[in-house]
Amino acid sequence: MTTAAELGYRGLLRRGRHRLRVEAQDAWDRFVASDPGLARLFKGLRALVAVGTTIVVQLLVAMAIGVTGESRLLHLLLGSLIAMNLSTLVRPGPRRAVARSGAWSPVAAGLGAILAILTAPVTWLALSLFVIVCFGAAWVRRFGPGWFAAGFITWQAYFFTLYLHPPLSALPGVLLATVVSTTWVTFLLLTVLYNDPEVRLRRTVTALRARARAVVSHSLDVLRDPAEPRRARSLRAQLVKLSEVTLLFDGQLSDTRALPSGNSPARLRRWIVEVEISCEEIANASVELAGLISTPEGLPLETVAAVEHALEVLGWGDLEAAAIALDELRAQPHWSWAPIRRLTNGSQTLLDSVAAWMSRTIPDADSEFEFEQVLTLAGDILPGTTPPYSAGKSRWSPQAWTVSTREAIQ
């Protein structure tokens, strides 16, 4: 026969396991939401692997051809520099585009190294050419991401080689180092370090769900502490962060390789819009309900408890329990109140959206709405802002120049 003490002990263990599960989920949500799609993390890991393995490869090549002393150090340093830049500057794309960028990289790096070695003995010439190389590396960005990488690698190779001041006799070894490092890193980017767009999109959805859970969690905080204005401000901040992830998701839809099988960009865009709108409905309704709770007439405790329970299970992503909780909320006598209906409808839309993604049965978008790309990502992340281009200005006005030209002059 189970004693009261045993029952209490089991209940304590059950609550403890639940608490640990909650803390683990919260920690994971914060991790994946802080870097949507884990773009920055994997970019850093790619650089780490590329640089680390390139040092080993360059060392083996130097030992094989008998390079020693400062010349060997030059091989290692120049190879590491090229590996770091190539692994971070080559943007995600088809393998053909990655291979094309890798093929141009030894030409760019070799050009920078040759110019530095040839002009190094004449200081004024080397410094004058340095200014020209800086300008050209920024100006060629107008021609696309591949030119951006080539220009930057040329500038880095010129600067670094000029700083080390190697003799002319070291030129063959420097060119060999550029070919070895670019070939090796290109091989890595095409194989073990390849940035799979479909995997990247799935990781972005994971971040989106984490942000949606954060919105639900902060909505609960608003309801439980309606008199604290910081709760509402924190909830608005979570909505902004959710919008950032939806923009990141939308920017990935132009790459058809990222789309799950059987889904069109328009279908996924409508799905992400429904997720964002449902979260906004939950947040706005929670703020309005918090205002009602603070009034003298208030809301019945059982209604408030039903709302909180529905949000708790919804935030956890327990689809079956959330559906039951929403049905119980609809049975409340105050369900006819507008904010409760809005919260229930928004929660149901979010629940249906999560279920659709998990079952891969996202409803098709209306055929008359065609997908048009509205956002181009800068690599894997959201682009920054640049000063506007003013076509009506004088040709000598900086506002009439393209961004790449202004950057080059700066």
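A residue is termed buried when its relative accessible area is under 20%. By this criterion Thr 246 is buried, because its relative accessible area is 6%. The structure in which this residue is placed is a predicted model, and the following paragraphs describe its confidence, its helices, its nonpolar cores and several individual residues.

The mean pLDDT of the protein is 80, and a value of 70 or more is reached by 81% of the residues. Confidence is not even along the chain: over residues 385-394 the pLDDT stays under 50. For this stretch the model has 15 contacts beyond four places in sequence.

The secondary structure consists of 14 helices and zero strands. Read along the sequence, the pattern is accordingly α-α-α-α-α-α-α-α-α-α-α-α-α-α. The protein has 410 residues, of which 43% count as buried. Among contacts with a separation of 6 or more, 76% are accounted for by residues 24 or more positions apart.

Three pairs of helices illustrate the packing. In the pair formed by α2 (residues 39-65) and α3 (residues 69-89), the axes come within 8 Å and cross at roughly 150 degrees. Angles over 145 degrees count as roughly antiparallel, and α2 is therefore roughly antiparallel to α3. The crossing of α2 and α3 is right-handed. On the α2 side the contact includes Ala 47, Ala 50, Val 51, Thr 54 and Ile 55, and on the α3 side it includes His 75, Leu 76, Gly 79, Ser 80 and Ala 83. Charged residues also take part, among them Lys 43 and Arg 46 of α2 and Arg 72 of α3.

A second pair is formed by α5 (residues 123-139) and α6 (residues 145-164), whose axes lie 8 Å apart at an angle of about 160 degrees. This angle makes α5 roughly antiparallel to α6. Here the crossing is left-handed. The residues of α5 that make the contact are Ala 126, Leu 129, Phe 130, Val 133, Cys 134 and Ala 137. Those of α6 are Gly 151, Phe 152, Thr 154, Trp 155, Tyr 158, Phe 159 and Leu 162.

The third pair, α12 and α13, packs at an angle of about 160 degrees, with axes 11 Å apart. As a result, α12 is roughly antiparallel to α13. The two helices meet in a left-handed crossing. From α12 the contact draws on Leu 319, Ala 322, Ala 323, Leu 326, Leu 329 and Arg 330. From α13 the contributors include Ile 340, Leu 343, Thr 344, Ser 347 and Leu 351.

The interior of the model was examined next. The largest nonpolar core has 48 residues, and those with the most contacts inside it are Phe 249, Leu 268, Trp 271, Leu 311 and Leu 350. At least two residues of this core are supplied by each of α8 (197-224), α9 (229-252), α10 (265-293), α11 (301-316), α12 (319-330) and α13 (338-359). Another core, of 25 residues, lies apart from the largest one and has Ala 50, Ala 108, Ala 149 and Phe 160 among its members.

The surroundings of Phe 249 show how parts of the chain meet in the largest core. When neighbours within four places in sequence are left aside, Phe 249 is in contact with Leu 201, Thr 204, Val 205, Leu 268, Trp 271 and Ile 272. Two of these partners, Leu 268 and Trp 271, are themselves listed among the core residues with the most contacts.

Thr 246 lies in helix α9. Beyond residues up to four places away in sequence, Thr 246 touches Leu 208, Ile 272 and Glu 276. The C-alpha atoms of Thr 246 and Arg 269 are 9.1 Å apart in space, although 23 residues separate the pair in sequence.

Thr 186, by comparison, is found in helix α7 (residues 171-190). This threonine also counts as buried, because its relative accessibility is 11%. Outside the range of four places in sequence, Thr 186 touches Leu 86, Val 98, Ala 99 and Gly 102.

Val 107, which belongs to helix α4 (residues 95-119), has a relative accessible area of 48% and is therefore partly exposed. The C-alpha atoms of Val 107 and Val 179 lie 8.5 Å apart, while the two residues are 72 apart in sequence.

Methods:
Residues numbered from 1 in each chain as written. Predicted model: local features only at pLDDT ≥ 70, side-chain atom pairs only at ≥ 80, totals over all residues. Heavy atoms only, no water. pLDDT = per-residue confidence, 0-100. Contact = heavy atoms within 4.5 Å. Helix = DSSP H or I, 4+ residues; strand = E, 2+ residues; numbered from the N terminus. Buried < 20%, exposed > 50% of the residue type's maximum accessible area, 1.4 Å probe, protein only. Core = buried A, V, L, I, M, F, W, Y, C linked by side-chain atoms within 4.5 Å. Axes fitted to C-alpha atoms, helices over the stretch in contact; angles between N-to-C directions. Parallel < 35°, antiparallel > 145°, perpendicular 65-115°, else oblique. Left-handed = near helix turned anticlockwise from the far one by under 90°.
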